[in-house]
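Hi,

Here is the structure I promised to pass on. Have a look at it first, and my notes follow below.

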Amino acid sequence: MIDALIASELKQRMRGKRWWILLGVWMLLLLGLVALVRAGATRAAEFSGEFVQVGPTMFGSLALFVLGLSCLVVPSLTATAINGERDRGTLAVLQATLYRPKDVLLAKFSAAFVTAAVFVLATIPLAIWSASEGGVSAVRAVVVYVVLLAMCALFIAIGLAASSLVRRPGLSALAAYAGVFLLTAGLPILFGLSMLSATPEPVTQRIGDEVITYTEPRIGWRWLLLAPDPFVILADAAPRQRSRFVSDPLAVIREGARASRQQSRSPVFRDGVGSAEEAPPEPPPLWPVGLAIDVGVIALCCYEVLRKLHVPARHLAPGERVA
């Protein structure tokens, strides 16, 4: 029974030529961006005069491009899913049937997720092109695409919550994009602002026979502001590549994010003699904590949608329709 509702939602989304035009524009845009990245990486490799693999550069850029465009496309799939039907009076038809609120939520979530998955998985030929340049393992590609799909689920849940909490469709779309912006760009901004009030701590480094002491801000708990960021999760979860390449944008973000959990780099002294500075241990990853926070956000959004779809409703805003 729920299959019919999911199929109906999918037909509404994919009916007509507009959806196929959007998919074509999506692919052409990504193809052009990846081609530009390849040209730039190849030119940099030729300038260095060494043999390098440009595959990680192309694949990392493709993953970031897909996630960035998903922030623009995916929230629109559900930003008016609830309040739009309420304004048209079609939500009351669903609520009058045997479908429960969880069925309506599952149908709208599943239909939007399938649509988003088509956009993400359509880029696999570009990923194969990047892998053919060398330096991209199958495990890395699979992990990246799994994370991309998980982030699409997060954006879909935010859109559903916005469409159920905000009465007007236009404002709910704005609220959905505001929520996505907070996760993707707002959290790094908050992290930077919080560092202004961080307590400085002394750091001692030994360079040859010279010992240098300076101060750095103590990050402490502030790395939690970076962990839920979809771009940080994507870059941090991707397995590290051990190959020669020009530049891997995922690795750059990964190292920068993990540096927020780096311990002090003070040298170790044994028997009163200063030894060479020991390499600090590898900082723990951020993506398990960030993914857990995002899963909690998805659960909270789904709870709010179910609460708004519940009939009879206990509280309604002035002028709001029951269904």
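**What covers helix H12**

The buried residues of H12 are covered by, among others, helices H5 (91-95), H6 (101-121), H8 (138-165), H9 (169-194) and H10 (230-237). Cover here means contact, with heavy atoms within 4.5 Å, and helices are DSSP runs (H or I, at least four residues) numbered from the N terminus. Before you go on: this is a predicted model, where local features need pLDDT of at least 70 and side-chain atom pairs count only at pLDDT 80 or more, while totals for chains, interfaces and linings use all residues. Residues are numbered from 1 along each chain as its sequence is written, and side-chain values use heavy atoms, leaving out hydrogens and water.

H12 itself takes in residues 287-309, 23 in total. From first C-alpha to last it reaches 33 Å, close to the 33 Å expected at 1.5 Å a residue (that is, 1.5 Å times one less than its number of residues). Its buried residues include Gly290, Asp294, Cys301, Cys302 and Leu309; buried means under 20% relative accessible area, exposed over 50%, and partly exposed in between, with a 1.4 Å probe and protein chains only.

Then there's threonine 78, in helix H3 (residues 55-78). Threonine 78 counts as buried because its relative accessibility is 0%. Leaving aside residues up to four places away in sequence, it touches Arg13, Lys108, Ala112, Phe155, Ile156, Gly159, Leu160 and Ser163. Serine 163 is 85 residues from threonine 78 in sequence, yet their C-alphas are 7.1 Å apart.

Leucine 193, in helix H9, counts as exposed because its relative accessibility is 52%.

Cheers

Methods. Helix = DSSP H or I, 4+ residues; strand = E, 2+ residues; numbered from the N terminus.
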